[in-house]
Amino acid sequence: MPYTVTVGSLRCHIVSDGLQLSDGGGFFGLVPRILWEQVIRPDERNLIPVALRSLLIESDAGLILVDTGQGDKLGEKEWRRLGMEPRTERLIGEMRSLGFAPEDVDVVLFTHLHGDHAGGATRWQNQDDPASPLLPTFPNARYLAQRIELAAASFPNERTRGTYFPQNWQPLQAAGRLEVVEGDLRLARGVRTQTVPGHTASIQAVWVEDGGESLLFLGDTCNWAVHLERLAWVPAFDIYPMQSIEGKRRLRGQAWERNSLLVFQHDGQVVTGRLVEGARGPTVQTEIVEDGWAVAGEG
Ligand SMILES: [Zn+2]
């Protein structure tokens with residue numbers, strides 16, 4: 001379900017492409033299960049519910065969508081593996097419930113190009129026909145990707161091949177819709193990006209700032225709240241784990257100074273929170289929470 005928050009005079013909506021099931025070991029890396037299962041209970045297959053959130057920002061540069069979820073182009077086997085219903089327009093449906101159509105989006109920003117972030121960027125012309133042409137899902141939008149990310153996605157290696165799918169961005173390039181950007185950007189009044197290498201070489205977080213308030217959309221720089229509390233907890237997915245730790249330290253300090261509203265993209269329980277002083281250092285005081293297992297329809 002979508003959540004609307006305001007940051008000064010700016011309205012932001014946290015929308016979701018649903019929940020997928022993922023191996024808990026992927027998100028908690030070297031952390032022993034006996035520790036992370038106290039944060040999220042896995043099922044008998046060691047799967048945990050993982051949210052696929054995006055941020056929709058009403059800005060003076062138009063409607064900005066940060067990330068696009070899994071989208072609808074996966075095969076039956078993948079849908080089964082993820083525990084998701086195919087082709088149900090989850091993200092688009094949430095946007096419509098807020099009164100926004102795909103045509104209304106002016107800018108799509110990719111935090112990075114992994115399949116669970118870029119999958120919804122394109123769609124088949126005929127939703128039920130994988131042989132039909134691929135089109136931009138948001139037909140009037142400029143799509144922005146970092147140059148280094150696009151290079152990594154275009155020339156994947158053995159480790160990254162399973163998550164970079166050219167059908168998510170090549171149709172955008174062919175339609176002249178993909179803009180390659182470099183470094184930190186200002187997208188609109190009060191909306192900027194910050195590259196924070198770690199998960200990938202040029203992954204970016206998004207700041208929304210107005211009237212002395214701020215929101216930090218962390219993306220995969222820090223995808224569960226506990227990852228911000230415990231800097232050493234780094235997902236197995238991260239390509240440069242030591243950089244992830246330093247990036248989280250930096251973001252945590254910045255969010256602390258600004259009392260930022262934190263938005264967690266993949267956390268199956270914590271949607272938003274703010275840092276407060278805890279017994280063991282900065283702790284996330286939750287604001288919006290969900291029961292991921294209940295949302296996923298299990299448990
Ligand atoms: Zn992700």
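Leaving aside its neighbours within four places in sequence, which residues is L135 in contact with? The legends below begin with that residue.

**View 1. L135 and its contacts in the predicted model.** This is a predicted model, in which local features need pLDDT of at least 70 and side-chain atom pairs count only at pLDDT 80 or more, while totals for chains, interfaces and linings use all residues. Residues are numbered from 1 along each chain as its sequence is written. Beyond the four-place window in sequence, L135 is in contact with T122, R123, Q125 and P171, where contact means that the C-beta atoms of two residues, placed from the backbone, lie within 7 Å. L135 belongs to strand 7 (residues 134-136), a strand being a DSSP run of E of at least two residues, numbered from the N terminus. The C-alpha atoms of L135 and W124 are separated by 6.1 Å, although the two residues are eleven apart along the chain. L135 is partly exposed because 16 other C-beta atoms lie within 10 Å; a residue is buried at 20 or more such atoms, exposed at 12 or fewer, and partly exposed in between, with C-beta atoms placed from the backbone.

**View 2. N46 in a loop.** N46 is found between helix 2 (33-36) and strand 3 (47-59), a helix being a DSSP run of H or I of at least four residues. Its phi is near 70°, a positive value in a residue other than glycine. Most residues other than glycine have a negative phi. N46 counts as partly exposed, since it has 14 C-beta neighbours inside 10 Å.

**View 3. D67 in a loop.** The loop that holds D67 runs between strand 4 (62-66) and helix 3 (76-82). D67 is not a glycine, yet it has a positive phi of about 70°. With 28 C-beta neighbours inside 10 Å, D67 counts as buried.
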